[in-house]
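How is this chain put together, and what can be read from its helix packing? The explanation below goes from the overall composition to single residues.

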Amino acid sequence: MRRDERWLMLLGCLGPAEFAGLLWLAERTPSPPLPVAVPVASLVIAAAVGPWIALAAGRLHTEPSAGRALRRVIGVAALIAAAGTVLAALIGTDSADESSSVALLAILVAGALALVGAVLLPWTFLLARTLTTERAARARAEERAQVATHLHDSVLQALTLVYKRADDARAVRALTRATERDLRAWLYGTPPAGDDLATQLRQVAAQIEDRYDITVGLSTVGTCQLTPPAQAFLGAVGEALTNAARHAAVPQVSVYAEVADTELLALVRDRGRGFDPAVHTGPHQRGIADSIEARIRQHRGTATIRSAPGDGTEVELHMPLDGPR
């Protein structure tokens, strides 16, 4: 606390004594004329409330909303004091004592309101803000600790193993892919393993990566339970991935899967060597006919294969969610 704030607080602590002195004089002395009562009462109230208002304004200069609330309270208090003084002036033609009492009461009420607005409201606001800031800082510290712990248990351990097994390129790639999957799942809140379609697609992609030493770029939108159509859809996607991993001769295959309201959609793409779909011989056609097209047609779905030698392959799958009729 700065020195000027300490002086303001000391002066403000004298406010109750000044209030009490003014009330004591009002009860034990004759009411002074209105032109005397208003300035005296105003000076006493200003001396009692002014330090707290100045202290609150200094503390709230960086809080526009709280500063506006404080100014509104002071404005209402000033309006009450002015209205009481005007009312006392109107009464003054009939009774000097009554007019002075009305003016004094209005000024006291205005001073009490200003004191409450300058002490209770700002300090309550500052206390709430301090508690919120401390809570947010504690949450950030806990989050940083969790991040550090997870990075130590996953990424740093993986880097150590990569250093030790640098001569085994296949093992290093498998390790980095597994670490990447774990880190992505942790960062983006991927749910744990379950029986839904999206989770099973992630497991199939991970198996293809580990088995064939490639990277599968998987993107899923929505999920559903593994009904018979969804299981057939999952098998067809897995077969399309397997074909791409075995025959495309590329390091990466992309998969987009979406669960819409009425159907399942998947696109499996690679930029590999491709093939001619019109030629019904070769290793691609058997897997496409038996494990992709047959699976999809069994549940009233459609499978579209687009490929050309040297241009890669795209497998587009559509499957109704209601299954066969």
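What follows starts with the whole chain, turns to one pair of helices, and ends with two individual residues.

The model is predicted. The protein chain contains 9 helices and 5 strands. Read from the N terminus, the order of these elements is α-α-α-α-α-α-α-β-α-β-β-α-β-β. Of the 325 residues in the protein chain, 35% are buried. Among contacts with a separation of 6 or more, 71% are between residues 24 or more positions apart.

The next topic is a helix pair. Two packed helices are described by the angle between their axes and the distance between those axes. Helix 6 covers residues 169-187 and helix 7 covers residues 197-212. The two pack at an angle of about 165°, and their axes are 9 Å apart. Because angles over 145 degrees count as roughly antiparallel, helix 6 is roughly antiparallel to helix 7. The crossing of helix 6 and helix 7 is right-handed.

Which residues of helix 6 and helix 7 meet? From helix 6 come Arg170, Ala174, Arg177 and Arg181. Their counterparts in helix 7 are Ala206, Glu209, Asp210, Arg211 and Tyr212. By class, the residues of this contact of helix 6 with helix 7 comprise 3 nonpolar and 6 charged, with no polar ones.

One of the residues in that contact is Glu209, which lies in helix 7. Is glutamate 209 buried or exposed? Its relative accessible area is 5%. Buried means under 20%, so glutamate 209 is buried. Leaving aside residues up to four places away in sequence, glutamate 209 touches Arg177, Arg181, Ile214, Thr215 and Val216. Arg177 and Arg181 are also among the helix 6 residues that meet helix 7. For valine 216, there is a specific distance to note: its backbone nitrogen lies 2.8 Å from a polar atom of the glutamate 209 side chain.

The last residue to look at is valine 155, located in helix 5, which spans residues 96-164. Valine 155 has a relative accessibility of 21%. The partly exposed class lies between 20% and 50%, and therefore valine 155 counts as partly exposed. Where the chain returns to this residue, the partner is threonine 179: the C-alpha atoms of valine 155 and threonine 179 are separated by 6.6 Å, while the two residues are 24 apart along the chain.

Technical notes:
Residues are numbered from 1 along each chain as its sequence is written. This is a predicted model: local features need pLDDT of at least 70, side-chain atom pairs count only at pLDDT 80 or more; totals for chains, interfaces and linings use all residues. Side-chain values use heavy atoms; hydrogens and water are left out. Axes are lines fitted to C-alpha atoms, for helices over the stretch in contact, and angles run from 0 to 180 degrees between N-to-C directions. Helices (H or I, at least four residues) and strands (E, at least two) are DSSP runs, numbered from the N terminus. Angles under 35 degrees count as roughly parallel, over 145 as roughly antiparallel, 65 to 115 as roughly perpendicular and the rest as oblique. A crossing is left-handed if the near helix is turned anticlockwise from the far one by less than a right angle, and right-handed if clockwise. Contact means heavy atoms within 4.5 Å. Ala, Val, Leu, Ile, Met, Phe, Trp, Tyr, Cys and Pro count as nonpolar, Asp, Glu, Lys and Arg as charged, and the others, Gly among them, as polar. Buried means under 20% relative accessible area, exposed over 50%, partly exposed in between (1.4 Å probe, protein chains only). A polar contact is a pair of N or O atoms within 3.5 Å; within protein, one must be able to donate a hydrogen and the other to accept it, and residues adjacent in sequence count only if both atoms are side-chain atoms.
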